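Please look over the model shown below with its backbone, its sheet and its empty spaces in mind. The report that follows takes these topics in turn.

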Amino acid sequence: MAHAIALPRLMRIGAGASALLPEVLGQLGLKRPFIVTDPYLAGSGRVEALVAGLRGAGLEAAVFSDTVPDPTVASVEAALAALRSGEHDCVVGFGGGSPMDTAKAVAVLARFGGAMQGYKAPHLQDAPGLPIIAIPTTAGTGSEATRFTIVTDSETDEKMLCIGLAYLPVAALVDYELTLSKPRRLTADTGIDALTHAIEAYVSKRANPFSDGMALSAMRAIAPNLRRVWTDPGDRAAREAMMVGATQAGIAFSNSSVALVHGMSRPIGAHFHVAHGLSNAMLLPAVTAFSAPAALARYAACARAMGVAAEGEGDGLAVERLIAELRALNAELEVPTPAAYGLNAARWRELTPLMARQALASGSPANNPVEPSAAEIEALYGEVWAG
C-alpha cells in the first residue's frame with residue numbers, strides 16, 4: 001500500500017533560523033510578504049526584528065498583528081481585508097498556532113474567496129492558495145508542517161477543522177531561540193499538545209511507516225525534556241529538543257491523523273475558551289486509558305519511546321506505566337481538571353451531548369483505535385470533569 005506523504009518544500013531548523021526569512025523568500029521567488037502575528041509578538045520587538053531583516057534585503061512587508069487565540073471567522077476576515085489592501089504574493093505566519101492557523105486560512109481565502117464555513121471538513125482543499133511560510137514561536141502545535149488549520153465559527157461555537165495541501169506551508173523556519181522567553185504555563189500546555197500529537201499519530205488507524213518514525217522520534221525528544229523546560233525555561237538544550245520534537249510530531253500527525261483526544265478537545269476550546277494544549281492535557285490520560293486495550297502494542301511502544309517502560313517489559317505493564325506517567329505529568333505541570341479550572345458545571349453537563357456530536361462530526365474519533373459512540377464520549381467528558 002502506498003501512503004501519501006506531504007512536507008514543506010523548505011525547512012530551516014536551529015538557532016537563528018527565523019533570521020533566514022529573506023533568504024528563503026528569495027529561494028522561493030517571493031517578494032511581497034504579508035506577516036500575520038499576534039499583539040504580544042508585535043509589542044515584544046520580535047516582529048520589528050523580522051521586518052528589519054526583510055528591509056535590509058530590500059523587501060517590504062505589511063504586518064497584521066490583531067490575531068486572536070483560537071482564530072475566529074471574524075478575525076480571519078479582518079486579516080484578509082488587510083492583505084487585500086496591498087499586493088502580496090505570500091503569507092508569513094509568525095507566532096503560535098493561532099497566527100499560523102490564521103495565516104493559512106487567509107492564504108486560501110485570498111485566492112479562492114467564499115466563506116470559511118465552506119472549507120471545513122469533509123471538504124478537502126488541495127488546490128494551493130498563496131504560498132505560506134511558517135515561523136513557530138512555541139514548541140507545540142506543529143502547524144508549521146501540517147496540512148490543517150482550525151477556525152472557530154462564533155455563531156455556532158464550532159471549531160472547524162479545515163484540511164488539504166493548501167494549508168501546508170511551503171517553508172518552515174523552526175528557531176528554538178524564539179521559545180526561550182515563553183512563560184511556564186504556555187510551555188507546559190504547548191509541550192503536552194506536541195506529545196499528544198505524537199502519541200495520537202502513532203496509535204491512529206491511519207498511521208504508516210513514515211509517520212511512525214516521526215512520531216517515535218518526537219516522543220523521544222519531548223518526554224525527557226518537558227519537565228526540564230518547565231523547571232528551567234532557559235535550558236537551551238531542552239528547548240531545542242522540544243522544538244524539534246514538536247515539528248516532528250506535526251509532521252507525524254499531518255501524514256497520519258490525530259484521534260479522539262483532539263476530537264474531544266476542540267469543542268472544549270470552542271465552548272469554554274480553554275487553550276487547545278491545555279484541553280488536550282486534561283483529556284489525554286483518560287482517553288489513553290479508554291483506547292489502549294484496542295492497541296496495546298502501539299501504546300506500549302509509546303511508553304518505551306518516552307522512556308517510562310523498559311524494552312523487556314510486557315505490553316500490559318508498559319501501558320500501565322504510560323497511563324501513570326501521563327497522570328503524573330499533568331500533576332507536576334499543574335494541569336487542572338475542567339472543574340478546577342473554574343468551568344461552569346451545569347453548562348458542562350448541558351453541553352456534553354453537543355460536544356460529543358461535534359467531536360464525532362470532526363472525523364478525528366474515527367481514527368482512534370477504538371471508534372467511540374456518542375454515549376462513550378459523553379462518559380469520558382464526565383470522567384475528566386473532576387479528574
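Is Glu334 buried or exposed? Glu334 is exposed, with a relative accessible area of 52%, where exposed means over 50% relative accessible area, buried under 20%, and partly exposed in between, computed with a 1.4 Å probe on protein chains only.

This is a predicted model, in which local features need pLDDT of at least 70 and side-chain atom pairs count only at pLDDT 80 or more, while totals for chains, interfaces and linings use all residues. Residues are numbered from 1 along each chain as its sequence is written, and side-chain values use heavy atoms, with hydrogens and water left out.

**Backbone features in loops**

Glu334 has a positive phi of about 60° although it is not a glycine, and it lies in the loop between H13 and helix H14 (338-341). Helices and strands here are DSSP runs numbered from the N terminus, helices being H or I with at least four residues and strands being E with at least two. His273, also not a glycine, has a positive phi of about 60°; His273 belongs to the loop between helix H10 (260-272) and H11, and it is exposed at a relative accessible area of 61%. A cis peptide bond, with omega of about 20°, joins Ala121 and Pro122, and Pro122 sits in the loop between helix H5 (97-112) and strand S5 (132-136).

**The sheet**

Six strands form an open sheet in the order S1-S8-S5-S4-S2-S3, with parallel pairing, two strands being paired if DSSP finds at least two bridges between them. Strand S1 (10-13) and strand S3 (62-64) are the edge strands, each pairing on one side only. From one strand to the next the twist averages 15°, based on axes that are lines fitted to C-alpha atoms and on angles that run from 0 to 180 degrees between N-to-C directions.

Three of the pairings can be set side by side, each with a pair of bridge partners.

| Strands | Bridges | Residues opposite each other |
|---|---|---|
| S2 (33-36) and S3 | three, parallel | Ile35 and Val63 |
| S1 and S8 | four, parallel | Leu10 and Ala171 |
| S5 and S8 | two, parallel | Ile133 and Ala171 |

Ala171 in S8 is thus the bridge partner of Leu10 and also of Ile133. Strand S8 (residues 171-174) is covered on both faces, with Ala171 and Leu173 buried on one side and Ala172 and Val174 buried on the other.

**Cysteines**

How many disulfides does a search of the whole structure find? The search finds zero disulfides, a disulfide being a pair of cysteine sulfur atoms within 2.5 Å. Cys162 is buried at 0% relative accessibility, and Cys302 is likewise buried, with a relative accessible area of 0%.

**Empty space**

Rolling a probe the size of a water molecule over the atoms shows where empty space is left. On a 1 Å grid over the protein atoms alone, a cavity is a set of points where a 1.4 Å probe fits but cannot get out, whereas a pocket is an open set with protein on both sides within 12 Å along at least five of seven lines, and lining residues have an atom within 4 Å of a point. Grid points are joined across faces, edges and corners, and a volume is the space filled by probe spheres set on the points.

By this rule there is one cavity of 30 Å³ or more, and the largest cavity holds about 80 Å³ of space. Its lining includes Thr138, Lys182, Val229 and Arg239. Helix H6 (184-203) and helix H9 (236-254) each supply at least two residues of this lining, with H6 giving the most, four residues. By class, the lining of the largest cavity has four nonpolar, five polar and two charged residues, where Ala, Val, Leu, Ile, Met, Phe, Trp, Tyr, Cys and Pro count as nonpolar, Asp, Glu, Lys and Arg as charged, and the others, Gly among them, as polar.

The second largest pocket contains about 250 Å³ of space, and among its lining residues are Met282, Arg327, Val335 and Glu383. At least two lining residues come from each of helix H11 (276-291), helix H13 (315-332) and helix H16 (374-386), and H11 provides the largest share, three residues. The lining of the second largest pocket divides into seven nonpolar, three polar and two charged residues.
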